[in-house]
Amino acid sequence: MHFERAYCLYRCNRSKEALDVINELDKLNDEIRELQAQVLYRLDRFSEAFEIYRELSLKSDDDYKDERDTNLGASLTYSGSDLINNHINEIREDTYELCFNKACVIIALGQYAEAERKLRQCEKLCRDALEEDGLSEEEIQVELAHIKIQLGFIYHKQGRIREAHQLYTSNLKLKLEDIALAAVACNNAIIINKDQNVFDSKKKLKIATNEILKYKLTLRQRKFICLNKAMLNYYTNQFDACRKVCDTIESMWSDMNIYTSIIKAFILVKEGNYDEAMNILNHCQINNEEEKLHLQLVCVQLWLMQGNRLRACQILEDTGINRYRPGIVGALITLYSAEGKEDIAQKIYKETVEWYKVNKKTEGDLTNLWKQAAEFHLRNGQAQVAANSLEELLRESPNDKRALGQLIIAYAEFDKNKAMALATNLFSKDELYAGIDRDNVDSSTWLSTKKVPANNSPAVSSTPSSENVHVSKKKKHRKRKGKLPKNYDPKVAVDPERWLPKYERAGFRKKRDRRVKDVIKGSQGTASGQAELFDFSAKIATDSDQQDSPRVEPSP
C-alpha cells in the first residue's frame, strides 16, 4: 500500500512525507515514478522531476501521453537555462496546453518576441478547440485568461506597461476559477501601480497573499509576492510594517537578504539617515556577482541622491568587467561631462572601444555606443579615436553610408590616402541620379522660386513710350504735432485716471436710486391688482365676522 499511502499524503499537501514513503521502496514501477515526479515538482525540485517525466514520456504511449508531456514542459520551465537549451526542442506544441508550456520555456530564456508569437498560436489553438466543444464566448474568455495574463507579463518585460496593465485588469474582472492565476495577475498589477492607486493595490495584495496559495504557487513566486508586500508598505510610508515583513522574509528565505537590505536602506533614506543606510548596504550578504553589481548600483543611486557625482563615478569604475557595459559607460560619460571633466570622459570612451576590439564581446546591439563614441571624439578633435569607433560600427552595419561618411571625414584629418580610398565606396553617379529627370534639371524653369500670377491682358511691348509710361512718386508723410485740449495747462499735473471709465475712478459717487422699491413681487404673470383676489386669509376673517352663531369648540 505504499503507493496509496504516498498518494494520500500528496493530496493532503504533506509532500515531504509522501516522498519519504516513496523512497522506502527498492523498486519503483511507472505508476509510482509518475507520483514521485509530481511530488518533486511540488517540492520545487524541478530538474529531478523533468528527468523522470522525460524518461516516462519516451517509453510510454497511452492515452495520458499529452498530460505527461505537458508536465514535462512545466518542469523544464523552472529547470534553468542550461537544461532548457539542451532539451527545448523535445517539447511538443500540437495541443494548446503543450504550446503554452513551450511559450513559457521560451520566456524563461528571455526571448520575449518569439514567446509572444507562440502565445498567439496557442490562443488560436485554444479558441478552436473550445468552440468545437460548444462553449460560450464568456466561458472561452475565462479559459483564455491564463494565455492573456502570460502575454501581459511579456508586455511588462518589454516595457509596454499600458498594454500589460490593461490585460491584467481586464482578465481579473472575469470569474477566474484558478486562484493561483488571479494571484499572479494581482501581484504584477501591484508592481505597475507602485505608489499610485494604493487602495486598489491593497485589495489585490489580499488576493495574492491568500493562505491557500501556499500549495498552489512555486517557492519563487511566494518569495516575490511577499517582497512586493514589503514594497507596498514602503510606498505607503508604513515603515514599521515594512520592517516586520522584511524580517519575516529574512527568517524564511536567507537568499532574499539583498532585497530586504535595500528596502531597509531606503526606509532610512526617507528618514534622512544616509550614513546608516550606506552601512546596511556595505554589510549585506552577497551570494554571486550579479547581486554584487545590483548592490553597487544601489549605492551609486544613494550617492547621486546626496549630490556626490564623483563618488558615484568611483563606484561605477570599480565594477570590474561590468564597467564596459553600454549602460554603465553611458552613465559615466554623462556624470563626468556634468562635472566638466571632458578629458576623463574621452578616456573612458577610448578604453571601452579598445576593450571591445580586443575581447570581441557582444552585449546586444552596440551600434548606438559606437555612434555616440565617434561623435564625442569628433567634437573633441580626436579623429583617430573616432575612426576606431566608426570602424567597429561599420563592421556591424556595413551598409551605413552615414557612418562611412563620418569615417572619411575622420581619416581626412590624419590619413588622406585612406580617406580617398574609402570615398570610392560612397554613392555612385548612377545611384545619385536614380529617379531624377535630367531634362527638367537642365531647364531654367526650376530655378524660379517666386510664383508669377497669370496675366490675361494682351501683350504690351517691352519698350516704354511716352504715352504709356507712368512714374509713381512716393508720397511724403509729414509728422504732425498731437492736438492738446483747449483748457490744457502745462503747469498742472495730468490726471493719472483720465483713461479709466468714470465708475472705476477713485472719486466716483454712485447716484441715489429714487425709484419705488415697494413693488409686489409674485409669480411670473401675476398682476399687482390681483393680490387681494388671491388673499384667502382676508376672506376667512370676513366670513367669521359675518357669522351669527357662537364658535363651538370641538369635542376631545
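Leaving aside neighbours within four places in sequence, L76 is in contact with F50, L83, I84, H87, I88, I91 and V105, where contact means heavy atoms within 4.5 Å. L76 also belongs to the largest nonpolar core, which has 51 residues, and is one of the four members that touch the most others, together with V39, L119 and I147. A nonpolar core is a set of buried Ala, Val, Leu, Ile, Met, Phe, Trp, Tyr and Cys residues joined through side-chain atoms within 4.5 Å. Apart from this core lies another, of 46 residues, including A277, C284, L316 and L335.

The model is predicted: local features need pLDDT of at least 70, side-chain atom pairs count only at pLDDT 80 or more, and totals for chains, interfaces and linings use all residues. Residues are numbered from 1 along each chain as its sequence is written, and side-chain values use heavy atoms, with hydrogens and water left out.

**The chain as a whole**

The chain holds 27 helices and 0 strands. Both are DSSP runs numbered from the N terminus, helices being H or I over at least four residues and strands E over at least two. Of the 556 residues in the chain, 33% are buried. Buried means under 20% relative accessible area, exposed over 50%, and partly exposed in between, with a 1.4 Å probe and protein chains only. Among contacts between residues at least 6 apart in sequence, 49% join residues at least 24 apart.

**Two helix pairs**

Helix α13 (residues 219–235) packs with helix α14 (residues 239–252) at an angle of about 160°, and their axes are 8 Å apart. Axes are lines fitted to C-alpha atoms, for helices over the stretch in contact, and angles run from 0 to 180 degrees between N-to-C directions. α13 and α14 are therefore roughly antiparallel (over 145 degrees; under 35 would be roughly parallel, 65 to 115 roughly perpendicular and the rest oblique). From α13, C226, L227, K229, A230, N233 and Y234 meet F239, A241, C242, V245, C246 and I249 of α14. By class, this contact has 10 nonpolar, 1 polar and 1 charged residues. Here Ala, Val, Leu, Ile, Met, Phe, Trp, Tyr, Cys and Pro count as nonpolar, Asp, Glu, Lys and Arg as charged, and the others, Gly among them, as polar.

In the second pair, the axes of helix α9 (residues 137–158) and helix α11 (residues 179–193) come within 11 Å and cross at roughly 25°. α9 and α11 are therefore roughly parallel to each other. A145, H146, I149, F153 and H156 in α9 meet L181, A185, N188, I191 and I192 in α11. The contact of α9 with α11 has 7 nonpolar, 3 polar and no charged residues.

**Single residues**

The table gives the place and relative accessible area of four residues.

| Residue | Place | Relative accessible area |
|---|---|---|
| S201 | helix α12 (residues 198–208) | 0%, buried |
| D247 | helix α14 | 40%, partly exposed |
| D44 | loop between α3 (30–42) and α4 (46–59) | 24%, partly exposed |
| N237 | loop between α13 and α14 | 49%, partly exposed |

Beyond its neighbours within four places in sequence, S201 is in contact with I190, N193, Q196 and L232. D247 and S261 are 14 residues apart in sequence, with 9.8 Å between their C-alpha atoms.

Most residues other than glycine have a negative phi. D44 is not a glycine, yet has a positive phi of about 65°. N237, which is not a glycine, also has a positive phi of about 65°.
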